[in-house]
Amino acid sequence: MTAETFIELRRQFHQIPEPGFAEVKTQQLILSYLASLPSHRLQIKTWRTGILVKVPGRNPRRCIGYRADMDGLPIREETSYGFQSRHEGYMHACGHDMHMAIALGILTHFVHHPIDDDLLFVFQPAEEGPGGALPMLESEPFRAWKPDLIFALHIAPEYPVGTIATRPGILFANTSELFIDLTGTSGHAALPHRANDMVIAASQLAIQLQSIVSRNIDPLDSVVLTIGKMEAGTKQNVIAGTARLEGTIRTLSAEAMEKVKDRIKSIVRGIEVGFGCEASIDWGANYCQVYNHPDITRAFMEWFPSETGYQLIKCREAMTGEDFGYFLSEIPGMMFWLGVETPYGLHHPKIEPNENAIPVAIDVMTRYFHHLSGNHRPAQP
Ligand SMILES: [Zn+2]
Ligand SMILES: [Zn+2]
């Protein structure tokens with residue numbers, strides 16, 4: 001198997017981006033690739049649109065896990081690719097096509113060059129939403145094969161190819177969506193005393209929410225509370241009877257997340273009393289932090305530069321979310337950023353990750369799993 005095989009697979013994934021829990025063609029493509037490998041070296045289970053693949057070790061003491069996410073995003077692609085998305089309005093704009101190709105590259109290596117330990121490859125649906133990690137972690141097939149360690153990577157547009165970045169402890173923030181609906185009474189624009197205006201209530205609410213980060217959170221802690229969308233009313237000369245605020249919360253600790261949510265509840269209750277309206281809060285999708293096991297991450301960071309010849313950066317934590325955090329909340333392990341050098345950020349319709357990062361990642365992880373297992377890696381992979 002050459003690097004081209006996995007670059008080609010990535011291009012095939014790129015053409016069929018599918019939303020969370022609808023990764024039907026993607027699952028099929030992975031299964032048909034796996035069918036081309038020697039079947040006696042693999043054990044395969046499916047869970048919804050996800051797949052678990054075990055590559056049994058020669059003399060297993062433990063099972064090492066590796067996870068790749070599978071879903072695309074509802075984004076209209078604007079790349080210059082000749083292999084653009086064939087699914088109108090959907091795009092692999094977060095690199096999950098790269099993640100799957102890399103996982104298959106690592107898996108293929110170990111099918112041909114077994115190590116002592118068992119390996120479990122986790123193809124996880126619905127990372128972008130509604131969140132596949134938690135239900136997959138709790139599923140019977142996963143529990144039966146639960147690995148003792150787990151690793152994952154995410155492409156990073158800002159770093160050059162041949163560079164990875166990580167840190168012990170928090171890598172990604174805790175995140176929660178936020179949807180608040182306010183219901184008052186609509187009425188004639190010129191008769192405000194007979195209506196209950198939700199434009200005013202929503203405006204007050206948006207402003208008051210800003211006091212949480214500035215007044216309730218330890219200034220040395222980090223929290224983001226953004227209202228990204230506000231909607232109210234129907235027409236310029238009608239008082240708005242309803243309003244909706246949509247936002248997101250990011251924190252670097254689970255405690256701060258709880259505190260922010262408590263404060264939001266109190267402030268919303270105050271708006272209800274103050275404006276005589278009804279309010280409801282929906283927390284939407286919640287992702288727990290990605291917490292890199294300190295010892296495992298330090299050991300990886302020490303091993304990495306001397307053994308691979310690639311560049312390692314100790315990065316800062318990011319306020320983005322990643323549901324791999326649920327795996328790390330139960331299984332020790334770590335995640336790192338893989339440099340793919342492109343001027344466009346994740347979720348951008350023009351993002352074109354550099355595919356040369358695919359063989360780099362396969363090389364890094366195959367070397368590392370040989371190292372973890374205490375087995376020498378063959379010179380010719
Ligand atoms: Zn994403
Ligand atoms: Zn992603």
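In this predicted model, the zinc ion (ligand 2) and the zinc ion (ligand 1) are 3.2 Å apart, and Cys94 coordinates both of them. For the zinc ion (ligand 2), the protein donors are Cys94 through SG, His96 through NE2 and His154 through NE2, and these lie 2.1 to 2.3 Å from the ion. Read along the sequence, the donor residues of the zinc ion (ligand 2) follow the spacing C-x1-H-x57-H. Cys94 and His96 are both buried.

From the metal site the reader can turn to the strands, beginning with strand S12, which covers residues 242-251. Seven of the 10 residues of S12 are buried, so this strand is largely enclosed by the rest of the structure. Strand S8, residues 174-183, pairs with S12 in the antiparallel sense over 10 bridges, and within this pairing Leu182 has Ala243 of S12 as its bridge partner. Strand S10, residues 223-232, also pairs with S12 in the antiparallel sense, over nine bridges, and here the bridge partner of Glu231 is Arg244 of S12.

The aromatic side chains offer another way into the model. A pair of aromatic rings is described by the distance of the centres and the angle of the planes. The structure holds 18 aromatic pairs. One of them is formed by Phe300 and Trp303, whose rings are tilted, at 5.9 Å centre to centre and with 40° between the planes. Both residues belong to helix H8, residues 294-308, where they are three residues apart, or about one turn of the helix. Phe300 is buried, and Trp303 is buried as well.

Phe300 also has a ring partner in Phe336: the two centres are 5.5 Å apart and the planes stand at 20°, so this pair is stacked. Because Phe300 lies in helix H8 and Phe336 in strand S17, residues 333-339, the pair ties together parts that are 36 residues apart in sequence. Phe336, like Phe300, is buried. Ring pairs link these residues into a cluster whose members include Tyr66, Phe110, Phe121, Phe151, Phe300, Trp303 and Phe336, with Phe304, Tyr310, Tyr368 and Phe369 also among them.

Rings meet charged side chains in this model too. Lys45 lies over the face of Trp145, at 4.1 Å from the ring centre, while the charged end of Arg48 sits over the ring of Trp47, 5.8 Å from its centre.

Arg48 leads on to the backbone, and a general point helps in reading what follows. Most residues other than glycine have a negative phi, and most peptide bonds are trans. Arg48, however, has a phi near 50°, a positive value in a residue other than glycine, and Arg48 is placed in the loop between strand S1 (43-47) and strand S2 (50-55). With a relative accessibility of 52%, Arg48 counts as exposed, because the cut-off for that class is over 50%. Phe21 likewise shows a positive phi, near 65°, in a residue other than glycine, and Phe21 is found in the loop between helix H1 (3-14) and helix H2 (24-34). Finally, Gly129 and Pro130 are joined by a cis peptide bond with omega about 0°, and Pro130 lies in the loop between strand S4 (118-124) and helix H4 (133-138).

Conventions. Residues numbered from 1 in each chain as written. Chains lettered and ligands numbered in written order. Predicted model: local features only at pLDDT ≥ 70, side-chain atom pairs only at ≥ 80, totals over all residues. Heavy atoms only, no water. Buried < 20%, exposed > 50% of the residue type's maximum accessible area, 1.4 Å probe, protein only. Helix = DSSP H or I, 4+ residues; strand = E, 2+ residues; numbered from the N terminus. Pairing = 2+ DSSP bridges. Donors = N, O, S within 2.8 Å, 3.2 Å for Na, K, Ca; no water. Phe/Tyr/Trp six-rings, centres within 6.5 Å; stacked < 30°, edge-to-face > 60°. Lys NZ or Arg CZ within 6 Å of the ring centre and 35° of its normal.
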